[in-house]
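The exercises below ask you to read local geometry and packing from a set of coordinates. Please work through each task before turning to its solution.

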Amino acid sequence: MASTFNHAINPWQICDLALFLNVNFIECLGGAAFTDDITLIYPNDMNPNNKIKEIHRKILENPTNTNLWVEIGAEYLTIGDNKNAEEAFGFAVTCNPMLNLEHLVNRGVDILGKYNVSREQAVMAAKIRDEAMSSLKQEPQFKSFAISKLEESLKHNPNDPLALAMKLEIASSLGNSAEELSAMRRYAGLFNFHPLLQHHLALLEQGFGNTHNSLKAHLNTLNLAPKNIVAYLYAAYALLMAKRDGEALQVYSLGCDRDESLRNFANDKRRSQNEQGMSRELELLYRKFLSQLHRKTTSNEKRVADAVWVQTHDRPFSFKNSNQKPHLFYIPSLKPVTFVDDIDMPWVKDLEKVASDIQEEFLNAQSVIVGKGHPYIGPDMVLGSMFAPLVNSLNWEAVDLFREAKVNEEIAPYFPKTIAALLKTPIAKHGENPIEAFFSLLKPNQHIPPHFGVANNRMTVHLPIIVPESCRIRCADEWRQWQEGKVLAFDDSFDHEAINGSDSLRVVLIFETWHPDMTVKEIEAVNKSFEYRNNWLMTRKIPLE
């Protein structure tokens, strides 16, 4: 069997890096690019001081310098972290047993205890290891002899990382896959907290058809590097190969949540053909699963069953109107509506009758609540450059009464009449609570650029509270002016934008109602689809093995 090891990565270099967690991994097997931040040297080093960080940087530049390992170990001792000190000293002495660190024993440091080897054994092992290295320097063709010497060395010190790394490299260069796998198992086992080594081991196991061992190593990689989307891809595919499709889709979708670019690996020319193929297969299964889940839960209502979950639909589709492109949920057969006439909303008159009470409640609470909201556009929302003045900014502030069907206990007590009025409208609910209702505060001279909303099954309702001059809103091709106390409702799945061109604050109460063209049964079916999908999303997890 041909070796699967990529010789662009030298295992001796891996040995140098083996005690680092979450480094910026560059190219590794299969073209995978690991991109975790440089953070910790050891798992329990949760808050290294600046001196330790500085030594850490020096070690990255010169990882074979045992003096740096001694120095960082001493730093750990000064902060009372004996465990990490032992790790650092142990690594230094195992590689160079001639280091004189006996004085540290008096400070309670067990230098070689972790490695289960005496100083005499370590010295003997290092001597034999050096003989193997010398033989290679003199006669490079003596690789088989060198492997035998390294095996002899490892009998004295089974956990010598340099000997293991040398054996791994020689076996790889000889094309001896069995020896390579054996060495990698021991090497990765020694540094079982290092994700890059676990990834190498997983691919070697995979090359030998060891599905169970490969899956275990891929899951170890992911659990050690949970920010790494490439690790999600490999772990998900390993689960798929183990015929654990449900878990594979959970892991894949969790990776997509962390970084949506994972879903486009199939078309990313920077990725290896292997990664492109894995991504393509997982993405198709992901779309098929979620689409079937939707159809199964809504089969009794054809218009809803034919709806499109835009990001995960499993069939080709197109929007009927170029001005209407919701980016989450789309029911193609719903009557297209931009601004909704009052005739379709008989409840509007009752809401407008109490508009002055709602305005009064806001004005009375304004000094207390303004600034207690949140940016309508959070820092993680990926939008165009036109939205920059609004991203993570109170230039567009939302003060919630209800959010994700939960009441805002801090703000709600100021608005008893407002909430009572909202509950008398056909406001969209989850259970007993409105899904959302909030005051939208747009500061002076701000522009909300053109964009599409999330779905066309709900109407967005505005009850203007404070409207200076030069404030207006566009939906599709029509501009309208807000008027205080006059309801304005529209389908925000159409292209829309808003402008406050004044020098004063604009305030609008916003909530959602169902599309007037939908029946009660269809509304129930939509809610069921969202509920089932959400339940699946909430129960996803990464298996431990």
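**Exercise 1. Decide whether Glu404 is buried or exposed, and describe its backbone and that of Ala405.**

Solution. The model is a predicted one, and the first step is the accessibility of Glu404, whose relative accessible area of 64% makes it exposed, because the cut-off for that class is over 50%. The second step is to place the residue, and Glu404 turns out to sit in the loop that joins strand 4 (396-403) to strand 5 (406-407). The backbone comes next: the phi of Glu404 is near 50 degrees, a positive value in a residue other than glycine. Ala405 is likewise found in the loop between strand 4 and strand 5, and it too is not a glycine yet has a positive phi, of about 65 degrees. In accessibility, however, Ala405 counts as buried, at 12%, since buried means under 20%.

**Exercise 2. Summarise the protein as a whole: which secondary structure elements does it have, and what share of its residues is buried?**

Solution. Begin with the elements, which come to 18 helices and 15 strands. Then take the burial, where 51% of the 545 residues in the protein are classed as buried. For the surface, the exposed area is about 25800 Å², and carbon and sulfur atoms supply 50% of that area. Finally, consider the contacts whose separation is 6 or more: residues 24 or more positions apart account for 65% of them.

**Exercise 3. Determine how helix 10 and helix 11 are oriented, and list the residues through which they meet.**

Solution. Two packed helices are described by the angle between their axes and the distance between the axes. For helix 10 (residues 211-224) and helix 11 (residues 229-241), the axes come within 9 Å and cross at roughly 155 degrees. Helix 10 is therefore roughly antiparallel to helix 11, because angles over 145 degrees fall in that class. The crossing of these two helices is left-handed. On the side of helix 10 the meeting residues are Thr211, Leu215, His218, Leu219, Thr221 and Leu222, and on the side of helix 11 they are Ala231, Tyr232, Tyr234, Ala235, Ala238, Leu239 and Met241. Sorted by class, the residues of this contact are ten nonpolar, three polar and no charged.

**Exercise 4. Carry out the analysis for helix 6 with helix 7, and then for helix 12 with helix 13.**

Solution. The axes of helix 6 (residues 143-156) and helix 7 (residues 161-174) come within 10 Å, with a crossing angle of roughly 155 degrees. That angle makes helix 6 roughly antiparallel to helix 7, and the crossing is left-handed. Among the residues that make the contact are Ile147, Leu150 and Glu151 of helix 6 and Met166, Lys167 and Ile170 of helix 7. The classes in this contact are ten nonpolar, three polar and three charged residues.

For the second pair, helix 12 (residues 245-258) and helix 13 (residues 273-297) have axes 10 Å apart and pack at an angle of about 105 degrees. The two helices are therefore roughly perpendicular to each other, because that class runs from 65 to 115 degrees. Helix 12 contributes Ala248, Leu249, Tyr252 and Ser253 to the contact, while helix 13 contributes Ser279, Leu282, Glu283, Leu285, Tyr286 and Phe289. By class this contact has seven nonpolar, two polar and one charged residues.

**Exercise 5. Find which residues are in contact with Trp347 and with His515, leaving aside neighbours within four places in sequence.**

Solution. Trp347 lies in the loop between strand 2 (329-330) and helix 15 (348-353), and at 14% relative accessibility it counts as buried. Neighbours within four places in sequence being left aside, Trp347 is in contact with Thr425, Pro426, Val461, Phe511 and Thr513. For Pro426 a distance can be added: 79 residues separate it from Trp347 along the chain, whereas their C-alpha atoms are separated by 7.9 Å.

His515 is placed in the loop between strand 15 (506-514) and helix 18 (520-538), and its relative accessible area of 3% makes it buried. With the corresponding neighbours left aside, His515 is in contact with Leu334, Lys335, Val337, Asn456, Asn457, Arg458 and Met459.

Conventions:
Residues numbered from 1 in each chain as written. Predicted model: local features only at pLDDT ≥ 70, side-chain atom pairs only at ≥ 80, totals over all residues. Heavy atoms only, no water. Helix = DSSP H or I, 4+ residues; strand = E, 2+ residues; numbered from the N terminus. Buried < 20%, exposed > 50% of the residue type's maximum accessible area, 1.4 Å probe, protein only. Contact = heavy atoms within 4.5 Å. Areas by Shrake-Rupley, 256 points an atom, 1.4 Å probe, with all protein chains shown as cover. Axes fitted to C-alpha atoms, helices over the stretch in contact; angles between N-to-C directions. Parallel < 35°, antiparallel > 145°, perpendicular 65-115°, else oblique. Left-handed = near helix turned anticlockwise from the far one by under 90°. Nonpolar A, V, L, I, M, F, W, Y, C, P; charged D, E, K, R; others polar.
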